[in-house]
Amino acid sequence: MDEQKYSVNLKSLRTLLVLSFVVSGMYFISELVSGLTLPMVTAYYNAHTDAFPDQWGILLERSLSVPQWYYLLSALLDATSIAGLWMMWKMRKNGFHYYTLSKLLLMLMPVLFLDRSFVGIGNIMIGILFIALYFYLLRSLGVFSSGSDNNHVDNNADLQE
């Protein structure tokens, strides 16, 4: 691959990675806080139900109906996807596998464990799009090519920014 195309693909990969770091980080924090504070918020809501406007009460009841383990498992899977993103930044193909597996499980969780109304088709479509883009960019950068070290490609990627 010529140097210019490599550079463009590397910059595209890094841009997607930064975007994914931000989004996955926000999801991780949100799910972790939700999972850790769910019992307290539930107790407060149950004690002060009449203090909430109807629209807020409906939204809050919906969020409180999700089990605590669901939020904590989602946070763990987002942490795994963040680890995968970091490995992809370092041009390690295992990062793609961690990211993909965690994102697929995150997409499946509402289908398997929650009411169908929790399933976001837009989230699923964007998740699949990002997995496909990561696969394309990592493949074009030679991360999946066979060699003596299938887990890491050292093309001085950190130096070519």
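Helix α1 gives the largest share of the lining of the largest pocket, 12 residues in this predicted model. The pocket itself has a volume of about 1000 Å³, and 36 residues line it. If you want to find its middle on screen, look for Y27, E31, D78, L106 and N123, which lie nearest the centre. Helix α1 isn't working alone here: α2 (54-64), α3 (68-89), α4 (93-113) and α5 also give two or more residues each to the lining. As for the chemistry of that lining, 22 of the residues are nonpolar, 10 are polar and four are charged.

Now let's stay with α1 and see how it sits against α5. Two packed helices are described by the angle between their axes and the distance between the axes. For α1 (residues 3-47) and α5 (residues 121-140), that angle is about 145°, and the axes are 10 Å apart. The crossing of α1 past α5 is left-handed.

Which residues make the contact between these two helices? On the α1 side you'll find N9, S12, L13, L16, L17, L19, S20 and Y27. They meet N123, F130, L133, Y134, L137, L138 and S140 from α5. Sorted by class, that makes 10 nonpolar residues and five polar ones, with no charged residues at all. Two names should look familiar: Y27 and N123 are part of this helix contact, and both are also among the residues nearest the centre of the largest pocket.

Another residue from that central group, D78, has a partner worth clicking on. Its side chain meets that of K103 in a salt bridge, 3.4 Å from N to O. A search of the whole structure finds one salt bridge. D78 sits in helix α3 and K103 in helix α4, so the pair ties together parts that are 25 residues apart in sequence.

Technical notes
Residues numbered from 1 in each chain as written. Predicted model: local features only at pLDDT ≥ 70, side-chain atom pairs only at ≥ 80, totals over all residues. Heavy atoms only, no water. Axes fitted to C-alpha atoms, helices over the stretch in contact; angles between N-to-C directions. Helix = DSSP H or I, 4+ residues; strand = E, 2+ residues; numbered from the N terminus. Left-handed = near helix turned anticlockwise from the far one by under 90°. Contact = heavy atoms within 4.5 Å. Nonpolar A, V, L, I, M, F, W, Y, C, P; charged D, E, K, R; others polar. 1 Å grid on protein atoms, 1.4 Å probe; cavity = no way out; pocket = protein on both sides within 12 Å on 5 of 7 lines; lining within 4 Å. Points joined across faces, edges and corners; volume = space filled by probe spheres on them. Salt bridge = Lys/Arg side-chain N within 4 Å of Asp/Glu carboxyl O.
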